[in-house]
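Hi,

Here is the structure I said I would pass on. Have a look at it first, and my notes follow underneath.

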Amino acid sequence: MTTRSLPFDELVRSSERRLLRLGLMLSGSVHSAEDLVQTVLTRAHCRWDQIGALEHPEAYLRRMVVNEYLGWRRLLKNREVPLAEPIEQPATEDISARQAQRDATWQLLSGLPRKQRAVLVLRYYEDLPDSEIAEVLGITPGTVRSNAARALATLRDRLPEEEA
């Protein structure tokens with residue numbers, strides 16, 4: 001089913017949470033993700049006649065979120081990485097170990113260049129194939145693969161030896 005005939009407000013309702021999760025994975029901050037998505041939706045609303053006529057406007061919005069993230073010039077003043085709150089807290093799992101692992105993951109991801117981080121998020125979080133990632137980022141599939149390889153190599157090099 002395409003969302004071609006959906007009005008702007010219905011498309012926002014159906015895709016807002018997914019866009020916010022994408023923004024969170026890219027920026028590492030709930031507040032930055034909200035700012036990112038709000039900026040994109042404001043721009044999209046102004047151009048909705050064109051965007052709404054596309055076959056897959058939700059894919060276009062996703063691309064807008066990634067491009068907006070890649071274009072941001074401001075950096076966090078501190079090096080703290082905010083963590084998303086878990087939706088459910090399992091009773092049998094060691095929550096402190098889970099939090100520590102999540103914090104370590106955010107620390108590793110935040111050290112990557114923006115484009116490499118975007119490639120990993122689109123590949124492993126959004127589960128997109130290289131061709132779609134290339135389309136979203138405006139690069140070739142080969143560049144997607146090389147960015148992913150460099151990012152993964154960097155993450156492997158930075159992993160503490162006991163976790164590697």
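How many helices and how many strands does the protein chain have? It has eight helices and zero strands, so to speak an α-α-α-α-α-α-α-α pattern when you read along the sequence. Do keep in mind that this is a predicted model. Of the 164 residues in the chain, 37% are buried. Among contacts with a separation of 6 or more, 64% are between residues 24 or more positions apart.

I spent some time on helix α2, which runs over residues 30-46. Its 17 residues reach 25 Å from the first C-alpha to the last, close to the 24 Å expected at 1.5 Å a residue. The buried residues in α2 are Ser32, Ala33, Leu36, Val37, Val40, Leu41 and Ala44. Looking down the axis of α2, you'll find these buried residues within an arc of 160 degrees, so they line one face of the helix. That fits the general rule: an α-helix has 3.6 residues a turn, so residues three or four places apart point the same way. Over on the other side of α2, His31, Gln38 and Cys46 are exposed. As for what covers the buried residues of α2, the list includes α1 (8-27), α3 (48-51) and α4 (57-71). The N-terminal end of α2 is capped by Ser29, with a side-chain oxygen 3.3 Å from the backbone nitrogen of His31.

Ser27, in helix α1, is worth a click too. Its relative accessibility is 14%, so Ser27 counts as buried. The Ser27 side chain reaches two backbone oxygens: that of Gly23 at 2.8 Å and that of Ser29 at 3.2 Å. Leaving aside residues up to four places away in sequence, Ser27 touches Ser32, Ala33, Tyr69 and Arg117.

Then the rings. The structure holds one aromatic pair. The ring centres of Phe8 and Trp48 are 5.1 Å apart and the planes are at 70 degrees, so this pair is edge-to-face. Phe8 belongs to helix α1 and Trp48 to helix α3, so the pair ties together parts that are 40 residues apart in sequence. Both Phe8 and Trp48 are buried.

Tyr69 turns up again here: the charged end of Arg114 sits over the Tyr69 ring, 4.6 Å from the ring centre.

Cheers

Note on methods: Residues numbered from 1 in each chain as written. Predicted model: local features only at pLDDT ≥ 70, side-chain atom pairs only at ≥ 80, totals over all residues. Heavy atoms only, no water. Helix = DSSP H or I, 4+ residues; strand = E, 2+ residues; numbered from the N terminus. Expected span 1.5 Å × (residues − 1). Buried < 20%, exposed > 50% of the residue type's maximum accessible area, 1.4 Å probe, protein only. Arc of directions from axis to C-beta. Contact = heavy atoms within 4.5 Å. Polar contact = N/O pair within 3.5 Å; in protein donor to acceptor, adjacent residues only side chain to side chain. Phe/Tyr/Trp six-rings, centres within 6.5 Å; stacked < 30°, edge-to-face > 60°. Lys NZ or Arg CZ within 6 Å of the ring centre and 35° of its normal.
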